[in-house]
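Thanks for making time for this. I will put the structure up, start with the interface, and then go through each chain in turn.

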Amino acid sequence: MNITLRIWRQANASAEGRMVTYQVQDVSADMSFLEMLDLLNEDLTLKGEEPVAFDHDCREGICGMCGVVINGTAHGRGESPVPTTTCQLHMRSFEDGATIDVEPWRAGPFPVIKDLAVDRSAFDRIIQAGGFISANTGAAPEAHAAPVGKLQADRAFDAATCIGCGACVAACPNSSAMLFTAAKITHLAMLPQGQPERYSRIKTMIAVHDEEGFGGCTNIGECAEVCPKQIPFDTISQLNRDLIASLFKKDGK
Amino acid sequence: MAITGLILIGFLLMHMYGNLKMFLGAESFDHYAEWLKGDILYPLIPKGWFIWLFRAFMVAAIVLHIYSAVTLWSRAVAANPTAYAAKKKLAQTYSARTMRWGGVILAGLLIFHLAQFTVKAALVNGPASASSYDMVIGEFSVWWMVLVYALWIVTVCMHVRHGLWSAFATLGANTSAKARAVLNGCAWAIALLLYIGFMIMPVAVLFGWIRS
């Protein structure tokens, strides 16, 4: 396959960026999208040009490190019925001779570091504000000591699969990180271990979410469509329920 | 946003029902119009007070609704400093996409609507009359007025289509894919009901099925 790429090039956080066109020859349909970018970078390196910077790590869709907007959809899901991460998107999804637009996540709270790599530490700060449980350390308790209902466990697990890649923010017309925050809230709200801080957690996490400059949710639904882990859209309503309930809790407890 | 939005949808349903009284004739409609301004809740409160309390309540709902919208809008603008070169829409509906500018158009035409029928300063056909019935007949006998009204109600109903679902989702009712389908179905049903309910009366006037 021969592919034409239009890639966002930006030397550093403060530099002006622009779309630059590259040709990539002899791409195998079995390559992943990132392997195709590797091929481009090898070529650029041999020519003495600066290779394209992009984030990646596990390359098996579980770490949340990779992520670029491909032809206008986060992770390049496009029309496919299967949600994906960028590393699990393969070149067979594209036609020979295709022109592909590749851009970084675009949101104020995710500043570009270089080319396609963005700084997602805003997510870390949301987690630091309450995405944890305070438990005494020591030997792991016996698992049957804290029984969890099947439905609750499933719901917690569905939400816990969030890998924090940021696709929800990239896809959101409001650049809201509500699906990410809701996944963390729902994950802990469904489990007995999460109960002691349930209603204080939501207030502190939402406060930091807003401080970081993410927009507000208007229930449009783009986030859940591109989420590679299929975090359910209804986690946001779980977050809203807990937020409303927290208003009537003394000291947010 | 959600609570004030639902109050406004409740008002629209009531207003639509009231408009249908046009089909019962001049006496019935004018009596209804007088009653709205007259002795509701009398003698609990003095005559004529209810309408002003109600207007204050509606203005408060609208102002809070616009305040929330402006806050959300400015946060979204601040959070989106750079636009995508290519952007594909996967889930958003036309009504979801047009909530903001649609809301602005809707509010502008609402001012015209109030100037027309409440203040009676912007009547397009016929004099200001004590009979609301005669004024409604006069205004909707003009074809382009019915057209403007029809387009305005389209923007209202599109706003309600996304707004109703979104309000319930914000209040925590989006609990599953099925709940989503039900809420969106209700939003469609209410929007269509409002459209039909608001449009049959002006169309009936235009075609002379209701006359003075």
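Start where the chains meet: 30 residues of chain B are in contact with 33 residues of chain A. On the chain B side, the elements that each give two or more residues are helix 3, residues 49–79, helix 7, residues 143–170, and helix 8, residues 177–206. Helix 3 of chain B gives the most, with five residues. By residue class, the side of chain B that touches chain A divides into 17 nonpolar, nine polar and four charged.

Before going further, note that this is a predicted model. The scores are ipTM 0.92 and pTM 0.94. For chain B the average pLDDT is 95, and 100% of the residues score at least 70.

Now chain A. It has eight helices and seven strands. Its C-alpha atoms fill a box of roughly 65 × 40 × 35 Å along the principal axes. Of its 253 residues, 47% count as buried. Taking contacts in chain A between residues at least 6 apart in sequence, 72% join residues at least 24 apart.

The domain assignment splits chain A into domain 1, covering 3–103, and domain 2, made of 120–134 + 147–252. The centres of domain 1 and domain 2 of chain A, taken over C-alpha atoms, are separated by 29 Å. How many residues of each domain are in contact with the other? In chain A, 13 residues of domain 1 are in contact with eleven residues of domain 2. The domain 1 side of that contact divides into five nonpolar, seven polar and one charged residue.

One residue in chain A worth a stop is A:Ile236, which sits in helix 8, residues 235–246. Buried or exposed? A:Ile236 has 28 C-beta neighbours inside 10 Å, and the cut-off for buried is 20 or more, so A:Ile236 counts as buried. Leaving aside neighbours within four places in sequence, the contacts of A:Ile236 are A:Met178, A:Leu179, A:Ala182, A:Cys217 and, from the other chain, B:Asn174. For scale, A:Glu222 is 14 residues from A:Ile236 in sequence and 13 Å away in space, C-alpha to C-alpha.

Next, backbone geometry in chain A. Most residues other than glycine have a negative phi, and most peptide bonds are trans. A:Asp26 has a positive phi near 55°. A:Asp26 is in the loop between strand 2, residues 18–24, and helix 1, residues 33–47. With 8 other C-beta atoms within 10 Å, A:Asp26 is exposed.

A:Arg59 also has a positive phi, near 60°. Where is A:Arg59? A:Arg59 lies in the loop between helix 1 and strand 3, residues 69–70, of chain A. A:Arg59 has 16 other C-beta atoms within 10 Å and is partly exposed.

Over to chain B, and back to helix 7. Does the length of this helix come out short or as expected? Helix 7 of chain B has 28 residues, and at 1.5 Å a residue these should span 40 Å; the end C-alpha atoms are 40 Å apart, so the two agree. There is nevertheless a kink of about 25° in helix 7 of chain B, centred on B:Gly163. Just after helix 7, B:Gly172 takes a positive phi of about 100°.

There is also a cis peptide bond in chain B, joining B:Tyr42 and B:Pro43, with omega about 10°. B:Pro43 is found in the loop between helix 2, residues 26–37, and helix 3 of chain B.

Last, the start of chain B. B:Met1 is in the segment before helix 1, residues 2–19. B:Met1 has 19 C-beta neighbours inside 10 Å; buried takes 20 or more and exposed takes 12 or fewer, so B:Met1 counts as partly exposed. What does B:Met1 touch, beyond its neighbours within four places in sequence? The contacts of B:Met1 are B:His65, B:Ser68, B:Ala69 and B:Thr170. B:Ile62 is 61 residues from B:Met1 along the chain, yet their C-alpha atoms are separated by 9.7 Å.

That is the set. I can go back to any of these residues on the screen.

Key
Residues numbered from 1 in each chain as written. Chains lettered and ligands numbered in written order. Predicted model: local features only at pLDDT ≥ 70, side-chain atom pairs only at ≥ 80, totals over all residues. Domains from an automatic or database assignment. Contact = placed C-beta atoms within 7 Å. Nonpolar A, V, L, I, M, F, W, Y, C, P; charged D, E, K, R; others polar. Helix = DSSP H or I, 4+ residues; strand = E, 2+ residues; numbered from the N terminus. Expected span 1.5 Å × (residues − 1). Bend = angle between axes of the 7 residues up to and from the residue. pLDDT = per-residue confidence, 0-100.
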